[in-house]
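Here is a briefing on side-chain contacts, strand pairing and backbone angles. Keep the structure open while reading.

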Amino acid sequence: MEIILPAINTDYTGYSSLVEIFAKINQCSVGEDLVINMPNWFAANMCSPFGAILNLAVRKVGSVRFNVGNPKVLEILKKNNFLPYICGVKRLVDIHDSTIIYRQFFRREDIFFKMYIESDLMRRIPPMSGALNKEFKNSLFEIFENANIHSETNTIFVCGQVFHNKKNLDFSIADVGVGFHKNITQNTGLPLMPDEAIKWALEGNTTTKKGPIPGGLGLKIIKEFINLNEGKMQIASDYGYWEFSNGEVKTETLKNRFPGSVVNIGINISDSYTHRPKREIQLEDIF
């Protein structure tokens, strides 16, 4: 089977295109060779959900081959470790330090995920108070842990890109587990649609985790920072799509399902204000 990817950006259309590709791959015969043509733009952070899809594809198809016709995209995908990881090609040196490399972490590799967050992501984001820096990192670790606990997956896919000219950074975490909808509806009994399930997880005192720590807190802290930072945040899971930007939430229904979940964090790197979590601000106001 031969597939041509349209332009892939970090938006509803981009996610819709990726899940359409996944639907096409599912139509392949067992053992059939897959050729993926990439003549158009491809946002590097979308390697995370794309890698998750391909991880499922290789269990069915005979082989996967890439034809990357866009020279700029080919260069980026060699720099960010996607093509070296997937195809074994030689990785290019990123002299502009704009890539947050593509990695796949297995369930028990939490310590390596933490090292990756420290070395590849945190040094690139705007100033935070010590308290918010700690909360932000813990929130990312919680997403990793929740993917392992709730999604019943063995692999987490991560990637990002710094867009120096646009002054923004996109970082994506994906898995191929059960997703928000199945997890939430099974644990709560609420009759939610896929996009409503994502919205439910991001609002109010909601959790499906057993014990004293709310499972949705990590996502909510990231959302709080994104609001202060004037960035954006997106989640695609099953047939649901959720986006938060400019203080507003937008939800959509995907025509095809994403086999798991992907969280994208879009950060405004031109933001020079040292942000603090609400809890820290409230304590300072007392004095």
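The points below are grouped by topic.

The model is predicted. It holds 6 salt bridges and 15 aromatic pairs. Three strands form an open sheet with parallel pairing. D97 turns up twice: in a salt bridge with R123, and with a positive phi.

**Salt bridges**

- The count of salt bridges is 6.
- D97 and R123 form one of them, with the closest N and O atoms 2.9 Å apart. D97 lies in the loop between helix 4 (82-87) and strand 4 (99-106), and R123 in the loop between helix 5 (110-121) and helix 6 (130-150), so the bridge ties together parts 26 residues apart in sequence.
- D97 is partly exposed, at a relative accessible area of 33%.
- K137 and E118 meet in a salt bridge of 2.7 Å, N to O. K137 belongs to helix 6 and E118 to helix 5, so this pair ties together parts 19 residues apart in sequence.
- Burial differs across that pair: K137 is buried at 17% relative accessible area, whereas E118 is partly exposed at 40%.
- D238 and R257 also meet in a salt bridge, at 3.9 Å from N to O. D238 sits in strand 7 (residues 232-245) and R257 in strand 8 (residues 248-268), so the parts tied together are 19 residues apart in sequence.
- D238 counts as buried, with 15% relative accessibility. R257 is partly exposed, with a relative accessible area of 31%.
- Shared partners join D97, R123 and R124 into one salt-bridge network.

**Parallel sheet**

- The open sheet has 3 strands in the order 1-2-3, and the pairing is parallel.
- Strand 1 (2-4) and strand 3 (64-67) are the edge strands, each pairing on one side only.
- From one strand to the next, the twist averages 20 degrees.
- Strand 1 and strand 2 (residues 34-37) run parallel and are joined by 3 bridges.
- I3 has I36 as its bridge partner in strand 2.
- In general, the strands of a sheet pair through backbone hydrogen bonds.

**Aromatic pairs**

- The count of aromatic pairs is 15.
- F105 and Y116 have ring centres 5.4 Å apart and planes at 65 degrees, so the pair is edge-to-face. The cut-off for that class is over 60 degrees.
- This pair links distant parts of the chain: F105 is in strand 4 and Y116 in helix 5, 11 residues apart. Both F105 and Y116 are buried.
- F113 and F141 form another edge-to-face pair, 6.3 Å from centre to centre with 75 degrees between the planes.
- F113 lies in helix 5 and F141 in helix 6, so distant parts of the chain, 28 residues apart, are linked. F113 and F141 are both buried.
- Ring pairs gather F42, F50, F66, F82, Y85 and Y102 into a cluster.

**Charges over rings**

- F141 has a charged neighbour as well: K114 lies over the face of its ring, 5.3 Å from the ring centre.
- K223 places its charged end over the ring of F244, at 5.1 Å from the centre.

**Helix 7**

- Which residues of helix 7 (residues 179-188) are buried? They include G179, F180, N183, I184 and T185.
- As a general point, an α-helix has 3.6 residues a turn, so residues three or four places apart point the same way.
- G189, just after helix 7, takes a positive phi of about 80 degrees.

**Positive phi outside glycine**

- D97 has a phi near 55 degrees, a positive value in a residue other than glycine. Its place is the loop between helix 4 and strand 4.
- D97 counts as partly exposed, at 33% relative accessibility.
- K167 is not a glycine either, yet its phi is positive, at about 60 degrees.
- K167 lies in the loop between strand 5 (155-163) and strand 6 (168-175). K167 is partly exposed, with a relative accessible area of 45%.

Note on methods: Residues are numbered from 1 along each chain as its sequence is written. This is a predicted model: local features need pLDDT of at least 70, side-chain atom pairs count only at pLDDT 80 or more; totals for chains, interfaces and linings use all residues. Side-chain values use heavy atoms; hydrogens and water are left out. A salt bridge is a side-chain nitrogen of Lys or Arg within 4 Å of a carboxyl oxygen of Asp or Glu. Helices (H or I, at least four residues) and strands (E, at least two) are DSSP runs, numbered from the N terminus. Buried means under 20% relative accessible area, exposed over 50%, partly exposed in between (1.4 Å probe, protein chains only). Two strands pair if DSSP finds at least two bridges between them. Axes are lines fitted to C-alpha atoms, for helices over the stretch in contact, and angles run from 0 to 180 degrees between N-to-C directions. Rings of Phe, Tyr and Trp (its six-membered ring) pair if their centres lie within 6.5 Å; planes under 30 degrees apart count as stacked, over 60 as edge-to-face and the rest as tilted. A charge sits over a ring if NZ of Lys or CZ of Arg is within 6 Å of the ring centre and within 35 degrees of the ring normal.
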